[in-house]
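The following exercises ask the reader to work through a strand arrangement and its helical cover. Each task is followed by a stepwise solution.

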Amino acid sequence: PDGKVALLAGGTDGAVEHGFSAGAIIKDIAGLVGGRGGGKPAMAQAGGSDASGIDAALDAARSALGI
C-alpha cells in the first residue's frame, strides 16, 4: 500500500563457487525499483520506493540468471 519495495537474493555455497553473486544481481536490479542495495555473494538485499518497477526488476534478475 505504501509503494515500498524490498528485494532479496540468495544463493547456496555451491552456486557462489560457480560464480553466482547475490550482491551483483541486487545492485543491477535495485535501480529499477528506485532503490539501492548490496550485500555479499551468498545474500543481498535492496529497498526501493517504486513498486511499478517490480516486474522489470524480476525480469532483469531472470535474465542475469539465464532463466
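**Exercise 1: Register and order of the strands**

In this predicted model, Ala6 stands opposite Gly47 in S3. Determine the order in which the three strands form the sheet, and which strands stand at its edges.

*Solution.*

Step 1. Begin with strand S1, residues 5-10, which is joined to S3 by six bridges in the antiparallel sense. Besides the pair Ala6 and Gly47, Leu8 is found opposite Gln45 of S3.

Step 2. Turn to strand S2, residues 36-39, which pairs with S3 over four bridges, again antiparallel. Here Arg36 has Gly47 of S3 as its bridge partner. Gly47 is thus named in both pairings, opposite Ala6 and as partner of Arg36. Three residues lie between S2 and S3 in the hairpin that they form.

Step 3. Combine the pairings: the open sheet has the order S1-S3-S2, with antiparallel pairing. S1 and S2 are the edge strands; each has a single partner strand, so one side of each lacks a neighbour in the sheet. From one strand to the next, the twist averages 10 degrees.

**Exercise 2: The two faces of S3**

Establish which side chains of strand S3 (residues 43-48) are buried and which are not.

*Solution.*

Step 1. Follow the alternation of side chains along the strand: Ala44, Ala46 and Gly48 point to one face, whereas Met43, Gln45 and Gly47 point to the other.

Step 2. Assign burial, taken as under 20% relative accessible area. The face of Ala44, Ala46 and Gly48 is buried, and the residues of the opposite face are not.

**Exercise 3: The sides of helix H2**

Show why the buried residues of H2 lie on the same side of the helix, and identify what covers them.

*Solution.*

Step 1. List the buried residues of H2 (residues 22-30): Ala22, Gly23, Ile25, Ile26, Ile29 and Ala30. Around the axis they cover an arc of only 160 degrees, which places them on the same side of H2.

Step 2. Recall the helical repeat: an α-helix has 3.6 residues a turn, so residues three or four places apart point the same way.

Step 3. Examine the face turned away from the buried side, where Lys27 and Asp28 are exposed.

Step 4. Identify the cover: S1, S2, S3 and helix H3 (54-65) are among the elements over the buried residues of H2.

**Exercise 4: The span of H3**

Check the end-to-end distance of H3 against a rise of 1.5 Å a residue.

*Solution.*

Step 1. For its 12 residues, the expected span is 16 Å.

Step 2. The end C-alpha atoms of H3 are 17 Å apart, which agrees.

Step 3. Continue past the helix: just after H3, Gly66 adopts a positive phi of about 75 degrees.

Methods. Residues numbered from 1 in each chain as written. Predicted model: local features only at pLDDT ≥ 70, side-chain atom pairs only at ≥ 80, totals over all residues. Heavy atoms only, no water. Buried < 20%, exposed > 50% of the residue type's maximum accessible area, 1.4 Å probe, protein only. Pairing = 2+ DSSP bridges. Arc of directions from axis to C-beta. Contact = heavy atoms within 4.5 Å. Expected span 1.5 Å × (residues − 1). Axes fitted to C-alpha atoms, helices over the stretch in contact; angles between N-to-C directions.
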